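Here's a quick walk through one protein chain, helix by helix. Have a look at the model first, then read on.

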Amino acid sequence: MNDFMMIAVKEAKLGIKSKDGGPFGAVIVKNGKVISKAHNVVLKKKDSTCHAEMEAIRKACKLLKTYNLSKCEIYTTGKPCPMCKSAIQWAKISKVYYGCSYADAKAIGFDENSGNSKGYTEKQIEKFLCIDLYSEYTSKKGKKY
(Lines give C-alpha, C1' and ligand atoms only; values in the text may rest on other atoms or scores of the structure.)
Protein backbone atom coordinates (compact mmCIF):
# COMPACT_ATOMS: atom_id res chain seq x y z
CA MET A 1 0.00 0.00 0.00
CA ASN A 2 1.15 3.52 -0.75
CA ASP A 3 2.41 5.09 2.49
CA PHE A 4 0.95 8.52 1.72
CA MET A 5 -2.47 7.13 0.84
CA MET A 6 -2.37 5.19 4.11
CA ILE A 7 -1.91 8.49 5.97
CA ALA A 8 -4.88 9.96 4.07
CA VAL A 9 -6.98 6.92 5.04
CA LYS A 10 -5.97 7.32 8.70
CA GLU A 11 -6.99 11.00 8.53
CA ALA A 12 -10.36 10.03 7.04
CA LYS A 13 -10.88 7.48 9.83
CA LEU A 14 -10.07 10.15 12.41
CA GLY A 15 -12.75 12.35 10.84
CA ILE A 16 -15.28 9.53 10.88
CA LYS A 17 -14.52 8.71 14.52
CA SER A 18 -14.77 12.33 15.63
CA LYS A 19 -17.86 12.99 13.46
CA ASP A 20 -16.17 16.05 11.94
CA GLY A 21 -17.52 15.45 8.43
CA GLY A 22 -17.51 13.00 5.54
CA PRO A 23 -15.11 10.07 5.16
CA PHE A 24 -12.39 11.98 3.38
CA GLY A 25 -8.70 12.51 4.11
CA ALA A 26 -5.87 14.22 2.24
CA VAL A 27 -2.09 14.51 2.45
CA ILE A 28 0.20 17.00 0.72
CA VAL A 29 3.73 15.78 0.00
CA LYS A 30 6.81 17.66 -1.18
CA ASN A 31 10.02 15.86 -2.15
CA GLY A 32 8.79 12.66 -0.52
CA LYS A 33 8.02 14.38 2.80
CA VAL A 34 4.57 14.97 4.32
CA ILE A 35 3.88 18.70 4.50
CA SER A 36 0.29 18.58 5.74
CA LYS A 37 -2.56 16.19 6.36
CA ALA A 38 -6.22 16.80 7.05
CA HIS A 39 -9.68 15.33 7.04
CA ASN A 40 -13.10 16.71 6.22
CA VAL A 41 -14.28 19.10 8.98
CA VAL A 42 -17.42 20.50 7.32
CA LEU A 43 -19.66 19.52 10.24
CA LYS A 44 -17.20 20.51 12.95
CA LYS A 45 -16.52 23.97 11.53
CA LYS A 46 -19.99 24.43 10.03
CA ASP A 47 -18.27 25.51 6.82
CA SER A 48 -19.06 23.85 3.48
CA THR A 49 -15.56 24.60 2.15
CA CYS A 50 -13.73 22.58 4.79
CA HIS A 51 -13.11 19.50 2.66
CA ALA A 52 -9.99 17.45 3.40
CA GLU A 53 -8.15 18.78 0.35
CA MET A 54 -8.98 22.40 1.20
CA GLU A 55 -7.82 21.96 4.78
CA ALA A 56 -4.59 20.28 3.67
CA ILE A 57 -3.91 23.08 1.17
CA ARG A 58 -4.52 25.75 3.83
CA LYS A 59 -2.15 24.02 6.25
CA ALA A 60 0.56 23.51 3.60
CA CYS A 61 0.39 27.13 2.44
CA LYS A 62 0.67 28.36 6.01
CA LEU A 63 3.57 26.06 6.82
CA LEU A 64 5.47 26.81 3.60
CA LYS A 65 4.51 30.52 3.70
CA THR A 66 3.37 30.49 0.06
CA TYR A 67 0.30 30.04 -2.09
CA ASN A 68 2.38 28.22 -4.71
CA LEU A 69 2.50 24.48 -4.02
CA SER A 70 3.81 23.58 -7.48
CA LYS A 71 6.47 21.24 -6.15
CA CYS A 72 3.88 19.31 -4.13
CA GLU A 73 1.52 16.44 -4.83
CA ILE A 74 -1.70 15.48 -3.06
CA TYR A 75 -3.06 12.11 -2.00
CA THR A 76 -6.76 11.99 -1.23
CA THR A 77 -9.20 9.24 -0.38
CA GLY A 78 -11.80 10.51 -2.86
CA LYS A 79 -11.54 12.09 -6.29
CA PRO A 80 -11.49 15.84 -5.62
CA CYS A 81 -14.85 17.54 -6.04
CA PRO A 82 -14.98 20.51 -8.46
CA MET A 83 -14.26 23.00 -5.64
CA CYS A 84 -11.24 21.05 -4.42
CA LYS A 85 -9.99 20.40 -7.95
CA SER A 86 -10.07 24.14 -8.61
CA ALA A 87 -8.24 24.87 -5.34
CA ILE A 88 -5.63 22.23 -6.18
CA GLN A 89 -5.11 23.84 -9.57
CA TRP A 90 -4.96 27.39 -8.10
CA ALA A 91 -2.36 26.10 -5.63
CA LYS A 92 -0.44 24.82 -8.68
CA ILE A 93 -0.38 21.22 -7.48
CA SER A 94 -0.04 19.13 -10.64
CA LYS A 95 -0.18 15.55 -9.32
CA VAL A 96 -3.28 14.16 -7.64
CA TYR A 97 -3.58 10.59 -6.41
CA TYR A 98 -7.06 9.52 -5.30
CA GLY A 99 -8.76 6.39 -4.01
CA CYS A 100 -12.51 6.42 -4.60
CA SER A 101 -14.31 7.75 -7.68
CA TYR A 102 -17.34 10.06 -7.95
CA ALA A 103 -19.48 6.95 -8.46
CA ASP A 104 -18.15 5.51 -5.19
CA ALA A 105 -18.98 8.76 -3.37
CA LYS A 106 -22.44 8.90 -4.90
CA ALA A 107 -23.12 5.36 -3.67
CA ILE A 108 -22.82 6.65 -0.08
CA GLY A 109 -24.78 9.88 -0.63
CA PHE A 110 -22.22 12.42 -1.87
CA ASP A 111 -23.04 13.77 -5.34
CA GLU A 112 -19.85 15.42 -6.55
CA ASN A 113 -21.21 16.05 -10.04
CA SER A 114 -24.38 17.97 -9.16
CA GLY A 115 -22.81 20.23 -6.54
CA ASN A 116 -26.30 20.49 -5.04
CA SER A 117 -27.04 23.15 -7.65
CA LYS A 118 -30.83 22.87 -7.78
CA GLY A 119 -32.19 26.40 -8.14
CA TYR A 120 -28.72 27.92 -8.62
CA THR A 121 -28.53 30.93 -10.97
CA GLU A 122 -25.93 33.46 -12.05
CA LYS A 123 -26.43 36.97 -13.44
CA GLN A 124 -23.80 39.54 -14.28
CA ILE A 125 -24.44 43.00 -12.79
CA GLU A 126 -22.45 46.23 -12.32
CA LYS A 127 -19.71 45.14 -14.73
CA PHE A 128 -18.27 48.62 -15.26
CA LEU A 129 -18.04 49.28 -11.53
CA CYS A 130 -16.10 46.06 -11.11
CA ILE A 131 -13.93 46.62 -14.19
CA ASP A 132 -12.70 49.76 -12.42
CA LEU A 133 -11.38 47.50 -9.64
CA TYR A 134 -9.47 45.44 -12.19
CA SER A 135 -7.99 48.62 -13.68
CA GLU A 136 -6.96 49.84 -10.24
CA TYR A 137 -5.26 46.52 -9.54
CA THR A 138 -3.39 46.40 -12.85
CA SER A 139 -2.02 49.91 -12.27
CA LYS A 140 -0.36 48.90 -9.00
CA LYS A 141 3.33 47.99 -8.96
CA GLY A 142 4.53 44.75 -7.42
CA LYS A 143 1.28 42.84 -7.85
CA LYS A 144 1.38 39.06 -7.79
CA TYR A 145 -0.63 36.52 -9.71
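## Before we start

Throughout, a residue is called buried when its relative accessible area is under 20% and exposed when it is over 50%, with partly exposed in between. Keep in mind that this is a predicted model.

## The chain at a glance

Six helices and four strands make up the secondary structure. Reading from the N terminus, they come in the order α-β-β-α-α-β-α-β-α-α. Lay the chain along its principal axes and the C-alpha atoms fill a box of roughly 50 × 40 × 25 Å.

Of the 145 residues in the chain, 34% are buried. If you take the contacts with a separation of 6 or more, 45% of them join residues 24 or more positions apart. The accessible surface adds up to about 10300 Å², and carbon and sulfur atoms hold 57% of that. As for charge, there are 27 positive and 14 negative side chains, and the centres of those two sets sit 6 Å apart.

## Helix 1: one side in, one side out

Helix 1 covers residues 3–18. With 16 residues at 1.5 Å each, the expected span is 22 Å, and the end C-alpha atoms are 23 Å apart, so the two agree.

Its buried residues are Phe4, Met5, Ala8, Glu11, Ala12 and Gly15. They take up an arc of only 115° around the axis, which means they are on the same side of helix 1. Turn to the face away from that buried side and you'll find the exposed residues Asp3, Lys10, Lys13 and Lys17. The cover over the buried residues of helix 1 includes strand 1, strand 2, strand 3 and strand 4 (95–100).

## Helix 3: plenty of neighbours

Helix 3 runs over residues 52–64, which is 13 residues. From first C-alpha to last it reaches 18 Å, close to the 18 Å expected at 1.5 Å a residue. The buried set here is Ala52, Glu53, Met54, Glu55, Ala56, Ile57, Ala60 and Cys61.

Which elements do the buried residues of helix 3 pack against? The partners are strand 1 (25–30), strand 2 (33–39), helix 2 (42–45), strand 3 (72–78) and helix 4 (82–90).

## Helix 4: buried on one face

In helix 4, the buried residues are Cys84, Ala87 and Ile88. Their arc around the axis is only 100°, so they end up on the same side of helix 4. The face turned away from that buried side carries Gln89 and Trp90, both exposed. Among the elements covering the buried residues of helix 4 are helix 3, strand 3 and strand 4.

## Lysines with positive phi

A bit of background: most residues other than glycine have a negative phi. Against that, a few lysines in this chain deserve a look.

Lys46 has a positive phi of about 55° without being a glycine. You'll find Lys46 in the loop between helix 2 and helix 3. Is Lys46 buried or exposed? Its relative accessibility is 73%, over the 50% cut-off, so Lys46 counts as exposed.

Lys65 comes just after helix 3, in the loop that leads from helix 3 to strand 3. Not a glycine either, Lys65 has a positive phi of about 55°, and it is exposed, with a relative accessible area of 74%. Then there's Lys92, which follows helix 4 and has a positive phi near 70°.

Terms used: Residues numbered from 1 in each chain as written. Predicted model: local features only at pLDDT ≥ 70, side-chain atom pairs only at ≥ 80, totals over all residues. Heavy atoms only, no water. Helix = DSSP H or I, 4+ residues; strand = E, 2+ residues; numbered from the N terminus. Buried < 20%, exposed > 50% of the residue type's maximum accessible area, 1.4 Å probe, protein only. Contact = heavy atoms within 4.5 Å. Areas by Shrake-Rupley, 256 points an atom, 1.4 Å probe, with all protein chains shown as cover. Lys, Arg positive; Asp, Glu negative; His and termini not counted. Charge placed at Lys NZ, Arg CZ, Asp CG, Glu CD. Expected span 1.5 Å × (residues − 1). Arc of directions from axis to C-beta.
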